[in-house]
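Here are some friendly notes to read with the structure open beside you. They are meant for a first visit, so take them one point at a time.

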Amino acid sequence: SAGASEILSDGENVLLAEPKNPGSLAEAIKKLIAHPDLYSKLSRNGRKFVEKNVSWERLASDYSRFFKYAKKE
């Protein structure tokens, strides 16, 4: 939940559920079961998002920029 809604797009590459709300998670799962086309779309788009935005190199670069900025203050 921390920041997910700011980075991911509900219904485009993820289904967001309310944190600490099992009913909300259950509804999202039911929606995926009832709509296989949505499941396929989210799977495809989610994978594209990860391939484009998540890597060890990207993480290292982000941390490096963070620590350079933090050091200046």
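1. Let us begin with Asn45, which is buried, with a relative accessible area of 18%. This residue lies in helix α3. Setting aside residues up to four places away in sequence, Asn45 touches Glu12 and Asn13. Please keep in mind throughout that this is a predicted model.

2. Glu12, one of the residues that Asn45 touches, also takes part in a salt bridge. Its partner is Lys41, and the closest N and O atoms of the two are 3.5 Å apart. The pair links distant parts of the chain: Lys41 belongs to helix α3 (residues 36-53), while Glu12 sits in the loop between α1 (4-7) and α2, 29 residues apart. How accessible are the two partners? Lys41 has a relative accessible area of 27% and is partly exposed, and Glu12, with 38%, is partly exposed.

3. Staying in the loop between α1 and α2, have a look at Lys20, which is located there. The backbone of Lys20 deserves a moment, with a positive phi of about 60 degrees although the residue is not a glycine. For background, most residues other than glycine have a negative phi. As for its surroundings, Lys20 is exposed, with a relative accessible area of 87%.

4. Where does Glu18 lie? Glu18 is found in the loop between α1 and α2. This residue is exposed, at a relative accessible area of 53%. The backbone nitrogen of Glu18 is 2.8 Å from a polar atom of the Ser24 side chain. You can also follow Glu18 to Ala28: the two are 10 residues apart along the chain, and their C-alpha atoms are separated by 9.9 Å.

5. Ser24 is worth viewing from its own side as well. Its place is in helix α2. Is Ser24 buried or exposed? With 18% relative accessibility, Ser24 counts as buried, because the cut-off for that label is under 20%. Leaving aside neighbours within four places in sequence, Ser24 is in contact with Ala17 and Glu18.

6. Now for helix α2 as a whole. The helix covers residues 22-34, which makes 13 residues, and it reaches 18 Å from its first C-alpha to its last, close to the 18 Å expected at 1.5 Å a residue. At the N-terminal end of α2, Asn21 acts as a cap, with a side-chain oxygen 3.0 Å from the backbone nitrogen of Gly23.

7. Helix α2 also holds a salt bridge of its own, between Glu27 and Lys30. The closest N and O atoms of Glu27 and Lys30 are 3.5 Å apart. The two residues are separated by about one helical turn, being 3 residues apart in helix α2. Glu27 counts as partly exposed at 48% relative accessibility, and Lys30 is partly exposed with a relative accessible area of 49%.

8. How many salt bridges does a search of the whole structure find? The search finds 5. As a general reminder, side chains of opposite charge can pair when their charged atoms come close.

9. Another of these pairs is in helix α4 (residues 56-72), where Arg58 and Asp62 lie 4 residues apart, about one turn of the helix. Salt bridges that share partners join Arg58, Asp62 and Arg65 into one network. Between Arg58 and Asp62, the side chains meet at 3.7 Å, N to O. Arg58 counts as partly exposed at 38% relative accessibility, and Asp62 is partly exposed with a relative accessible area of 31%.

10. To finish, turn to a nonpolar part of the surface. Which residues make the nonpolar surface patch? The patch, of about 640 Å², is made by Trp56, Leu59, Tyr63, Phe66 and Phe67. Tyr63, one of these residues, has its place in helix α4. This tyrosine is partly exposed, with a relative accessible area of 47%.

Definitions and conventions. Residues are numbered from 1 along each chain as its sequence is written. This is a predicted model: local features need pLDDT of at least 70, side-chain atom pairs count only at pLDDT 80 or more; totals for chains, interfaces and linings use all residues. Side-chain values use heavy atoms; hydrogens and water are left out. The expected span of a helix is 1.5 Å times one less than its number of residues. A polar contact is a pair of N or O atoms within 3.5 Å; within protein, one must be able to donate a hydrogen and the other to accept it, and residues adjacent in sequence count only if both atoms are side-chain atoms. A salt bridge is a side-chain nitrogen of Lys or Arg within 4 Å of a carboxyl oxygen of Asp or Glu. Buried means under 20% relative accessible area, exposed over 50%, partly exposed in between (1.4 Å probe, protein chains only). Patches are made of residues with over 30% relative accessible area and no salt bridge: like charges are joined within 9 Å, nonpolar side chains (Val, Leu, Ile, Met, Phe, Trp, Tyr) within 5 Å. Accessible areas come from the Shrake-Rupley method with a 1.4 Å probe; for residues, only the protein chains shown count as cover. Contact means heavy atoms within 4.5 Å.
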